[in-house]
Amino acid sequence: MYERDAVSPEADVEEHQIEGALRPKNLDEFVGQHRVREQLSLVLHSAQRRNRAPDHILMSGGPGLGKTTLAMIIAAELGAPLRITSGPAIERSGDLAAVLSTLQEGEVLFLDEIHRMARPAEEMLYVAMEDFRVDVVVGKGPGATAIPLDIAPFTLVGATTRAGMLPAPLRDRFGFTAHMDFYEPAELEQILHRSAGLMGAPMEAEAAREIAGRSRGTPRIANRLLRRVRDYAEVRGDGRITLGNAHAALELYEVDALGLDRLDRAILDVLMNRFRGGPVGLSTLAVSVGEEAETVETVAEPFLVRSGFLARTPRGRVATPMAWAHMGLTPPPDAAFGAAADPAANGGQNANGQNANGQSASGQGPGGQNASVRNNGTP
Ligand SMILES: Nc1ncnc2c1ncn2[C@@H]1O[C@H](COP(=O)(O)OP(=O)(O)OP(=O)(O)O)[C@@H](O)[C@H]1O
Ligand SMILES: [Mg+2]
């Protein structure tokens, strides 16, 4: 079974406190996401010029990419108070009504994990977003009446790791959606230097580059790895974060050269050793590594897919040739390579063409995707 370890995605108490301390406080300190920053800056400044609460803002992107940070920055930039709640905390529409009816004018309401809000509350939110009104239902059954209650104009900032799960009417009521993407290594280096500075730990440039390269494009992971390397440097060295310390600490915590952690490797391991490289369905894969399907899908998969280790096909998840190579394994001759099989690549290489072709019922012809899978090198 896969177990959570020191560098795993789950936040601990220390992480919570440190994250607060390392959070950039304004848009200028916020590294990367240039397009989002520029878009947001326009939305905020134009609202300020018109002296109105800005449009509602939705932020979508994987864990640790800076959604909460950005929500706090939005309130700070507007000089507005910030109220924080989350989808799972809103179990009934009454919970939401209590929040909405006590908002101050111009307040920023941050609704984290908005896709996990209860349905009836969702409907209440539509009206509140559009008309700044909540309908409070009094009584039950046929005698029930809805009493409309005006609420102060506010700005909703919603965050979700799964924008696709939001009902269209909710998505449509946001004036602006910020899509947060993975960070470039150079941006992560910048974040690491800033964090090391705040932590008072001197760091070599090569060490920052090394840690950035293993951070899966994610600031939270970069900061987390930095703390582990810092620990190592303090206990085993003189406190200076050097390339040597970084190597040793990252090896100790089983973060490999490309940043794959234990969950990533557990997924690839199961996929290859138990399912001959796939295709295998998400839920089967999740059960096999002892994780929630949602964790596998939102925490591990986006990075594995983006770095070319995993392909999502209509028939399930498939290990790419690059994944076989990275794990040092030889694929069985009938292994499915890449997206929806890879008839061109596979058929050209061995006698199992018909096997692979049988899987391309999805209608995905040999296009650019196949080519890119092949470019990753067959082991
Ligand atoms: N652009 C950035 N520049 C500097 N630091 C950042 C940036 N984005 C995120 N961070 C750092 O990464 C940490 C995680 O960011 P944050 O909590 O905002 O992520 P999130 O998207 O809300 O994640 P989740 O989906 O898990 O709630 C923060 O503590 C912050 O220090
Ligand atoms: Mg968050």
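This report describes a predicted model of a protein with a bound ligand, starting with the whole chain and then turning to the ligand and to single residues.

Residues are numbered from 1 along each chain as its sequence is written, while chains are lettered from A and ligands numbered from 1 in the order in which they are written. Because the model is predicted, local features need pLDDT of at least 70 and side-chain atom pairs count only at pLDDT 80 or more, whereas totals for chains, interfaces and linings use all residues.

**The protein as a whole**

The protein has 17 helices and nine strands. Helices (H or I, at least four residues) and strands (E, at least two) are DSSP runs, numbered from the N terminus. Of its 379 residues, 41% are buried. A residue is buried if 20 or more other C-beta atoms lie within 10 Å of its own, exposed if 12 or fewer, and partly exposed in between, with C-beta atoms placed from the backbone. Two residues are in contact if their C-beta atoms, placed from the backbone, lie within 7 Å. Among contacts in the protein with a separation of 6 or more, 68% are between residues 24 or more positions apart.

An unreviewed UniProt entry annotates residues 53-186 as "domain: AAA+ ATPase". UniProt positions are given in the numbering used here, feature names are shortened, and annotations may be inferred rather than shown by experiment. This span is 30% helix and 27% strand, and its end C-alpha atoms lie 35 Å apart.

**The surroundings of ligand 1**

The shell around ligand 1 has 20 residues, of which Glu19, Gly66, Lys67, Thr68 and Thr69 come nearest. A residue is near a molecule or strand if its C-beta atom, placed from the backbone, lies within 6 Å of it. By class, eight residues of the shell are nonpolar, eight are polar and four are charged. Here Ala, Val, Leu, Ile, Met, Phe, Trp, Tyr, Cys and Pro count as nonpolar, Asp, Glu, Lys and Arg as charged, and the others, Gly among them, as polar.

Three helices, α1 (13-22), α3 (67-78) and α9 (219-236), each supply at least two residues of this shell. Why does ligand 1 lie between domain 1 (33-179) and domain 2 (185-252)? Both domains give residues to the shell around ligand 1, so the ligand lies between them. The domain bounds come from an automatic or database domain assignment.

The same UniProt entry type, unreviewed, marks a "binding site" that covers Leu22, Arg23, Gly64, Lys67, Thr68, Thr69, Glu130, Asp131, Phe132, Arg173, Tyr183 and Arg220. These positions are spread over 199 residues of sequence and also in space, up to 37.1 Å between C-alpha atoms.

**Helix α3**

The 12 residues of α3 should span 16 Å at 1.5 Å a residue, and the end C-alpha atoms are 17 Å apart, which agrees. The expected span of a helix is 1.5 Å times one less than its number of residues. Buried residues of α3 are Lys67, Thr69, Leu70, Ala71, Met72, Ile73, Ile74 and Ala75. Their cover includes α2 (34-50), β1 (57-60), β2 (82-86), β3 (108-112), β6 (155-160) and β7 (176-179). Just after α3, glycine 79 takes a positive phi of about 65°.

**Four residues compared**

Threonine 68 and threonine 69 are both in helix α3. Glutamate 189 belongs to helix α7 (residues 185-199), and alanine 323 to helix α14 (residues 321-326). The table lists the C-beta neighbours of each.

| Residue | Other C-beta atoms within 10 Å | Class |
|---|---|---|
| Threonine 68 | 19 atoms | partly exposed |
| Threonine 69 | 21 atoms | buried |
| Glutamate 189 | 23 atoms | buried |
| Alanine 323 | 29 atoms | buried |

Which residues do these four touch, leaving aside neighbours up to four places away in sequence? Threonine 68 touches Asp112 and Ala159, and threonine 69 is in contact with Arg23, Pro24 and Phe30. Glutamate 189 touches Ala208, Arg209 and Ala212. Alanine 323 is in contact with Leu268, Phe309 and Leu310.

Two pairs link separate parts of the sequence. Glutamate 189 and serine 215 are 26 residues apart along the chain, with 9.9 Å between their C-alpha atoms. Alanine 323 and arginine 265 are 58 residues apart in sequence and 9.6 Å apart in space, C-alpha to C-alpha.
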